[in-house]
Amino acid sequence: MGRDFIDRRQSNWQRLEEMLSLAVRGQLRILHREQVREFGRLYQRTAADFAIARQEIRDTRLVNYLNNLVGRSHGAIYRSKSSGFKGFWEFYRYSGPALFRETWRYTFAAFAIFMILSLFSGFWVYQDDNFVNQFAPGMLDLVKNKKNWTDRINTDNPTMSSMIVTNNARVAVYSFATGIFAGLGALFFMALNGLHIGGITALCIKYKFWPILIFMCGHGVFELTAIFIAGGAGLLMGGAMVVPGNLTRGEALIERGIKAVKLMLICLPMLLFAGIIEGFVSPAHIAPVYKYAVSTATALILIFYFSTPDRREKPTV
Amino acid sequence: MQLDNELIIETPEHVQLRFALASVGTRFLAALIDHLLQLAGLIVASVLLYFISDLVKSFTGSYSKWVFAIWVTLVAGLILFVIGYFTVFETLWSGQTPGKRWMKLRVIRDDGRAISFFEAFVRNVLRVIDLLPSAYAVGVVTMVLSNESRRLGDYVAGTVVVKERASEAPTLFEVLEHHDHEIRTRTANAQSSLRLDVRQLTNDEITAVETFLIRRAELPAQTRPLTAARIAVPLMQKLAVPPMANYEWFLEEVDRQYKAKAKYLVD
């Protein structure tokens with residue numbers, strides 16, 4: 001009886017195999033409309049045959065064969081929407097800003113931690129110069145002697161620029177990825193950055209050493225915003241571990257992890273531009289007004305970008 | 001009864017698909033191959049850039065800062081290069097990298113679909129954590145604790161790594177040949193007067209009977225009757241059949257009568 005069944009259905013299975021090998025090579029696109037319909041029908045029939053074979057023929061080899069055939073067809077038929085160039089454009093143009101507005105609280109939390117630590121550090125450094133040695137040894141002498149250490153970038157702008165980009169990207173990736181430990185890693189990186197920048201800024205103000213501050217303002221807007229977003233992404237993911245809401249921890253981690261990674265994708269071009277500015281514009285010997293102009297322009301770009309209305313036809317997030 | 005860890009996916013047609021999950025060992029080997037390829041790629045790129053910078057010098061008279069900058073980017077941003085390698089391959093080869101292809105593994109989404117750019121990116125950015133403190137220690141620990149051997153990156157991306165059984169699965173021809181051979185070896189036939197109430201049997205019991213019947217030709221002559229007895233005696237008690245000496249015949253009869261109650265094999 002099992003043999004009758006196999007004999008009756010095997011031509012279907014063979015036909016499905018043929019179409020599958022076509023479809024896998026050309027991703028369904030090279031099939032004609034009629035062929036696509038036939039492919040779908042054959043898949044459904046074979047899926048049903050598979051269920052019957054497993055229940056009633058119970059030949060392990062046949063079940064294995066059909067499992068493989070149905071599995072591969074399932075993979076060819078049920079695909080996620082392809083994320084080609086249009087998907088990329090849509091993401092950066094519309095869903096990115098919308099996602100930023102949706103998760104701004106996390107970015108703000110990262111910013112707040114940074115600010116608190118930087119005020120703390122700035123306050124102490126202003127009271128006592130030696131505090132800066134705790135986290136940035138050697139900096140005190142440079143500022144006291146008014147040595148502009150950022151000037152050495154001018155010796156080799158392209159290399160320094162690329163090192164700055166990779167270093168910043170690494171910091172961003174680590175702040176994000178270590179966020180999975182209940183957000184602690186992200187907190188640490190935000191705090192560390194706050195400590196450094198707050199301390200050095202206070203030191204420069206105290207000794208009236210302006211070139212460093214002017215140096216920072218050019219690329220700082222992009223760079224710091226990107227770092228805050230990355231830290232916020234880390235907190236978003238870590239938050240899933242602490243307060244998963246109505247979901248299980250695993251489900252919450254997946255849902256917010258995907259969002260967090262999308263936030264990271266927004267950061268990467270920002271870090272790239274920040275690195276280029278830091279390597280070429282910030283250390284350049286030009287009137288400070290140009291650097292202020294870059295700073296203002298980047299801030300305006302960010303404001304316009306993140307307030308882009310969500311014009312997607314239908315939500316894809 | 002299962003040997004491999006399996007991922008069971010129910011398709012929209014309500015059919016269960018089974019995927020064999022990749023083991024920690026094979027995945028580790030695949031990662032090793034990939035990392036060696038990355039190392040090789042880095043060395044080749046360095047040598048190439050060295051020649052390019054020499055070439056630039058012969059034309060312009062000085063070394064190019066730009067070529068040096070590219071090299072520094074590659075080395076300083078090694079972790080970004082690693083992330084990029086895995087992401088690009090897994091996106092383009094729908095879930096495979098050279099190492100995974102070699103070890104016959106594939107990354108799929110946990111609903112059975114092919115992965116897209118986002119999933120590939122997520123699971124590989126989190127590789128940074130799975131690598132810690134060295135040699136994928138975090139990843140291996142999470143995989144051992146997980147039912148579906150997932151590392152952290154797999155959890156966040158919602159992916160699993162499965163064995164690609166395309167080459168292992170039999171062809172239709174092999175299936176048919178084997179099926180016929182199976183039928184011919186049976187001695188039980190419909191004229192038997194033994195009536196068994198096979199509905200009492202559990203799925204595991206009937207699977208044991210079937211597995212024995214399929215594999216019995218491969219068993220050594222001494223252990224074959226013993227194994228048959230160990231399976232048959234409890235079933236005889238359960239089905240309230242008077243003890244009989246021909247265990248294999250009894251097992252064949254159980255199998256035949258179980259299959260005879262099939263309802264869906266005829267259209």
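Where is His14(B) found? In this predicted model, His14(B) sits in the loop between β1 (6-10) and β2 (16-20) of chain B. The backbone there has a quirk: phi of His14(B) is near 60°, a positive value in a residue other than glycine. His14(B) is also exposed, since its relative accessible area is 62%, and exposed means over 50%.

Ser149(B) shows a similar backbone feature in another loop. Its phi is positive too, about 35°, although Ser149(B) is not a glycine. This residue is found in the loop between α7 and α8 of chain B. Is Ser149(B) buried or exposed? With 9% relative accessibility, Ser149(B) counts as buried, because the cut-off for buried is under 20%.

Right beside Ser149(B) in the numbering comes Arg150(B), and here the story turns to charge. Side chains of opposite charge can pair when their charged atoms come close. Arg150(B) does this with Asp110(B): the two side chains meet in a salt bridge, at 2.7 Å from N to O. Asp110(B) lies in the loop between β3 (105-109) and α5 (117-125) of chain B, while Arg150(B) lies in the loop between α7 (137-145) and α8 (152-157), so the pair ties together parts that are 40 residues apart in sequence. The two partners are not equally hidden: Asp110(B) counts as partly exposed, at 35% relative accessibility, whereas Arg150(B) counts as buried, at 6%.

A second pair in chain B brings together Glu248(B) and Arg216(B), with the closest N and O atoms of this salt bridge 3.1 Å apart. It also links distant parts of the chain: Glu248(B) belongs to helix α12 (residues 247-260), and Arg216(B) to the loop between α10 (203-215) and α11 (223-238), 32 residues apart. Both Glu248(B) and Arg216(B) are buried.

Helix α12 of chain B holds another salt bridge, this one between Arg256(B) and Glu253(B), whose closest N and O atoms are 2.7 Å apart. How far apart are Arg256(B) and Glu253(B) along the helix? They are three residues apart in helix α12, so about one helical turn separates them. Arg256(B) counts as partly exposed, at 26% relative accessibility, but Glu253(B) is buried, with a relative accessible area of 0%. Elsewhere in chain B, salt bridges that share partners join Arg27(B), Glu90(B), Lys100(B), Arg123(B) and Asp154(B) into one network. Over all chains, the count comes to 22 salt bridges.

On a broader scale, the domain assignment splits chain B into domain 1 (6-163) and domain 2 (172-260). The C-alpha centres of these two domains of chain B lie 48 Å apart. Chain A is also assigned two parts, domain 1 (2-77) and domain 2 (85-306), with C-alpha centres 53 Å apart.

Thr107(A) gives a close-up of chain A. Its place is in helix α5 (residues 104-127), and it is buried, with a relative accessible area of 8%. Which residues does Thr107(A) contact, leaving aside its neighbours within four places in sequence? They are Phe100(A), Phe228(A), Ile229(A) and Gly232(A).

Then there is the meeting of the two chains. The size of an interface is often given as the accessible area lost when the parts come together. For chain A and chain B, the buried area is about 5800 Å², and carbon and sulfur atoms give 67% of it. In chain A, the residues that lose the most area to chain B are Glu56(A), Arg58(A) and Arg61(A), together 12% of what that side buries. The contact takes 64 residues from chain A and 62 residues from chain B.

How many salt bridges are counted between chain A and chain B? The count is zero. Three residue pairs in polar contact are found across this interface, with both residues at pLDDT 80 or more. The elements of chain A that give two or more residues to the side touching chain B are α1 (2-26), α2 (33-57), α3 (60-77), α4 (85-102), α7 (157-177) and α10 (249-281). The largest share of that side, eleven residues, comes from α7(A). Sorted by class, the side of chain A that touches chain B has 33 nonpolar, 18 polar and 13 charged residues.

Note on methods:
Residues are numbered from 1 along each chain as its sequence is written. Chains are lettered from A and ligands numbered from 1 in the order in which they are written. This is a predicted model: local features need pLDDT of at least 70, side-chain atom pairs count only at pLDDT 80 or more; totals for chains, interfaces and linings use all residues. Side-chain values use heavy atoms; hydrogens and water are left out. Helices (H or I, at least four residues) and strands (E, at least two) are DSSP runs, numbered from the N terminus. Buried means under 20% relative accessible area, exposed over 50%, partly exposed in between (1.4 Å probe, protein chains only). Contact means heavy atoms within 4.5 Å. Domain bounds come from an automatic or database domain assignment. Buried area is the accessible area (1.4 Å probe) that two parts lose on being put together, summed over both. A salt bridge is a side-chain nitrogen of Lys or Arg within 4 Å of a carboxyl oxygen of Asp or Glu. A polar contact is a pair of N or O atoms within 3.5 Å; within protein, one must be able to donate a hydrogen and the other to accept it, and residues adjacent in sequence count only if both atoms are side-chain atoms. Ala, Val, Leu, Ile, Met, Phe, Trp, Tyr, Cys and Pro count as nonpolar, Asp, Glu, Lys and Arg as charged, and the others, Gly among them, as polar.
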